[in-house]
Amino acid sequence: MKAIITNFMFQIPTGSISFTGLQSEVAVCVSAFIAMGIMYLVVRHFIKGSIGQIIVSLAVGGLVYFVVKSPDTVLNSIGGIFKNIFG
């Protein structure tokens, strides 16, 4: 446990605490959890025979997965949309 904390959570090159390593590890775990949830939903809807819900599950799950893997890209795109709307 001490190795995990020192390697991922507290990287102190300049004397300040940084959570960069922890953020990347959490993103990996959350994206794996989302992928498992998507697979569960797809299999459940496949058993029921509802193709529309399979497509919706894949689309929403893919969007959430993309947001978790690259939040900067998504937030910059959303910021650009709001900048165009509000000037």
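Student: Before we look at single residues, what do buried, exposed and partly exposed mean here?

Tutor: Buried means under 20% relative accessible area, exposed means over 50%, and partly exposed covers what lies in between. Keep in mind that this is a predicted model. Take Ile-78 as a first case: its relative accessible area is 38%, so Ile-78 is partly exposed. You will find Ile-78 in helix α4, which spans residues 71-86.

Student: Which residues make a nonpolar surface patch with Ile-78?

Tutor: The patch is made by Leu-75, Ile-78, Ile-81, Phe-82, Ile-85 and Phe-86, and has an area of about 660 Å².

Student: Let me step back to the whole chain. How many helices and strands does the chain have?

Tutor: There are 4 helices and 0 strands. Following the sequence, you read the pattern α-α-α-α.

Student: And how much of the chain is buried?

Tutor: Of the 87 residues in the chain, 13% are buried. As for the surface, the chain exposes about 6800 Å², and 74% of that comes from carbon and sulfur atoms.

Student: What share of the contacts joins residues at least 24 apart?

Tutor: Start with the contacts between residues at least 6 apart in sequence; of these, 29% join residues at least 24 apart.

Student: How do I describe two packed helices?

Tutor: The general idea is to give the angle between their axes and the distance between the axes. Now the case here: the axes of α3 and α4 come within 5 Å and cross at roughly 105°. Angles of 65 to 115 degrees count as roughly perpendicular, and α3 and α4 are therefore roughly perpendicular to each other. On the α3 side, the contact is made by Phe-66, Val-67, Val-68 and Lys-69, and on the α4 side by Pro-71, Thr-73 and Val-74.

Student: Let's turn to α2. Is His-45 buried or exposed?

Tutor: His-45 has a relative accessible area of 7%, so it is buried. This residue sits in helix α2, residues 20-48. To see what surrounds a residue, it helps to set aside its sequence neighbours. Beyond those within four places, His-45 is in contact with Ser-50, Gln-53, Ile-54 and Ser-57.

Student: Where does Ser-57 lie, and which residues does Ser-57 touch?

Tutor: Ser-57 belongs to helix α3. Its contacts, leaving out residues up to four places away in sequence, are Ile-38, Leu-41 and His-45. Ser-57 counts as buried because its relative accessibility is 13%.

Student: What about Leu-58?

Tutor: Leu-58 is also a residue of helix α3, which covers residues 51-69. With 46% relative accessibility, Leu-58 counts as partly exposed. Not counting residues up to four places away in sequence, Leu-58 touches Ile-38 and Val-42. You can also check a backbone distance: the C-alpha atoms of Leu-58 and Ala-35 are 9.8 Å apart, with the two positions 23 residues apart along the chain.

Student: One last residue. Where does Arg-44 lie, and how accessible is Arg-44?

Tutor: Arg-44 lies in helix α2. Its relative accessibility is 33%, so Arg-44 counts as partly exposed. For a distance to try in your viewer, the C-alpha atoms of Arg-44 and Ile-54 are separated by 8.7 Å, and these residues are 10 apart along the chain.

Definitions and conventions: Residues numbered from 1 in each chain as written. Predicted model: local features only at pLDDT ≥ 70, side-chain atom pairs only at ≥ 80, totals over all residues. Heavy atoms only, no water. Patch = residues over 30% accessible without salt bridge, like charges linked within 9 Å, V, L, I, M, F, W, Y side chains within 5 Å. Areas by Shrake-Rupley, 256 points an atom, 1.4 Å probe, with all protein chains shown as cover. Salt bridge = Lys/Arg side-chain N within 4 Å of Asp/Glu carboxyl O. Helix = DSSP H or I, 4+ residues; strand = E, 2+ residues; numbered from the N terminus. Buried < 20%, exposed > 50% of the residue type's maximum accessible area, 1.4 Å probe, protein only. Contact = heavy atoms within 4.5 Å. Axes fitted to C-alpha atoms, helices over the stretch in contact; angles between N-to-C directions. Parallel < 35°, antiparallel > 145°, perpendicular 65-115°, else oblique.
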